[in-house]
Amino acid sequence: MQYGIIGTGAIGGYYGGKLAHAGKDVHFLLHRDYEFVKQHGFQVDSCDGSFHLDNPYVYPSVDDMPKCDVVLVGLKSVNNHLLPELLKPLLHDRSLVVLIQNGIGLEEDLQKQMPGVAIAAGLAFICSAKTQPGRVDHQCYGSINIGNYSCKDERLVQQVVDDFIEAGVETHLVEYEEARWKKAVWNMPFNGMTVALNTQTNLLLDFPETEQLIFEQMMEVIGAAQHLGVHNIDVEFAHKMIATTKVMTPYSPSMKLDYDFHRPMEIYYLYSRPIEVARKAGFHMPKLEMLEAQLKFLQVHSHK
């Protein structure tokens, strides 16, 4: 089975790298570091064991890539308007697109752009960063959940799960809506709060007042999900997420790195969209609405 990787950064580079290292047929789209990786290969520094891909299949353009059975999208969602033109050359009639991205509404919007394309969600639980050409720094965790959004071939989705497991990645097939909202329980508090307070995850939980605020924000996400009919998500899940983060390596989430490196932040799908979806269902998230407003301000007025 042929895999294509669109967005070979901290996420696409890690998961695509794991598949390639396990002998899977993986094809990477690269831009700024194409020449570097072509010459030097691709390095994954990992807490679970580092490895180097000596001669990965890398391409500067999707037009040079083969048709793929599965395309893993690790692009930041601020670039999702580019997806139709990036994906069309890679897809055949039975291809599956897996969006390994953060937020709510991603699959719905891509489906509107590309009717008939089979789509699934990839929910990555990982601390990973790419701050150098051709090198990913995987700090801790690394599992991924796959939620089927519109793929009628359930065997294909299961094959993706099986391939990840063979590559040494803890992977589960999960219910789509539940998976997206559970991921939001962690993402919405920690991504924005590390930016707004210019800090890392561990310091937010070392200070009682900010730990309480993180918990209250988590409960707003859980309340919204419950209001929308999502199952298996409650206060115990919030406690679990906080406990998991407390033992995590001190971490700057993806939005904090984007802010620090003067890149656009993924405010729309991480904040505006879920807030809008919840509001339309009659549920409000006031603390997260305030955080969204702060992030929008920082997006416009910071780094000037």
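Mentor: An axis here is a line fitted to C-alpha atoms, for a helix over the stretch in contact, and angles between N-to-C directions run from 0 to 180 degrees. The model in front of you is predicted.

Trainee: At what angle do helix α8 and α12 pack?

Mentor: Helix α8 covers residues 208–227. The axes of α8 and α12 are 8 Å apart, and the angle of packing is about 105°.

Trainee: Which word describes α8 relative to α12?

Mentor: The angle between α8 and α12 is about 105°. Angles of 65 to 115 degrees count as roughly perpendicular. Therefore α8, set against α12, is roughly perpendicular.

Trainee: Which residues in α12 does α8 meet?

Mentor: On the α8 side, the residues are L213, E216, Q217, E220 and V221. By class, the contact of α8 with α12 has five nonpolar, one polar and three charged residues. The residues met in α12 are P286, K287, L288 and L291.

Trainee: At roughly what angle do the axes of helix α6 and helix α12 cross?

Mentor: Helix α6 spans residues 176–196, and helix α12 spans residues 286–301. Their axes come within 10 Å, and they cross at roughly 45°.

Trainee: Are α6 and α12 parallel or oblique to each other?

Mentor: The crossing angle of α6 and α12 is roughly 45°. Under 35 degrees would count as roughly parallel, and 65 to 115 as roughly perpendicular. The relation of α6 to α12 is therefore oblique.

Trainee: Is the crossing of α6 and α12 left-handed or right-handed?

Mentor: In this contact, M188, P189, G192, M193, V195 and A196 in α6 meet L288, L291, Q294, L295 and L298 in α12. By class, the contact has nine nonpolar, two polar and no charged residues. The crossing of α6 and α12 is left-handed.

Trainee: Is L270 buried or exposed?

Mentor: L270 sits in helix α11, residues 267–280. Setting aside residues up to four places away in sequence, L270 touches N102, G103, N187, M188, N191 and M255. The relative accessible area of L270 is 2%. Buried means under 20%, so L270 is buried.

Trainee: How far apart in space are L270 and I104, C-alpha to C-alpha?

Mentor: Along the sequence, L270 and I104 are 166 residues apart. In space, C-alpha to C-alpha, their separation is 6.6 Å.

Trainee: Which side chain does the side chain of D163 join in a polar contact?

Mentor: D163 belongs to helix α5, residues 154–166. D163 counts as buried because its relative accessibility is 4%. Beyond its neighbours within four places in sequence, D163 is in contact with M1, Y3, L19 and K24. The polar contact of 2.8 Å is with the side chain of Q159.

Trainee: What is the relative accessible area of S150?

Mentor: S150 lies in the loop between β9 and α5. Apart from neighbours within four places in sequence, S150 contacts Q111, V117, A118 and I119. Its C-alpha atom is 8.5 Å from that of G116, which is 34 residues away along the chain. S150 is partly exposed, because its relative accessible area is 26%.

Trainee: Is D64 buried or partly exposed?

Mentor: D64 is in the loop between β5 and β6. The C-alpha atoms of D64 and L90 are separated by 9.5 Å, with their places 26 residues apart along the chain. The relative accessible area of D64 is 48%. Buried is under 20% and exposed is over 50%, so D64 is partly exposed.

Methods. Residues numbered from 1 in each chain as written. Predicted model: local features only at pLDDT ≥ 70, side-chain atom pairs only at ≥ 80, totals over all residues. Heavy atoms only, no water. Helix = DSSP H or I, 4+ residues; strand = E, 2+ residues; numbered from the N terminus. Buried < 20%, exposed > 50% of the residue type's maximum accessible area, 1.4 Å probe, protein only. Polar contact = N/O pair within 3.5 Å; in protein donor to acceptor, adjacent residues only side chain to side chain. Contact = heavy atoms within 4.5 Å. Parallel < 35°, antiparallel > 145°, perpendicular 65-115°, else oblique. Left-handed = near helix turned anticlockwise from the far one by under 90°. Nonpolar A, V, L, I, M, F, W, Y, C, P; charged D, E, K, R; others polar.
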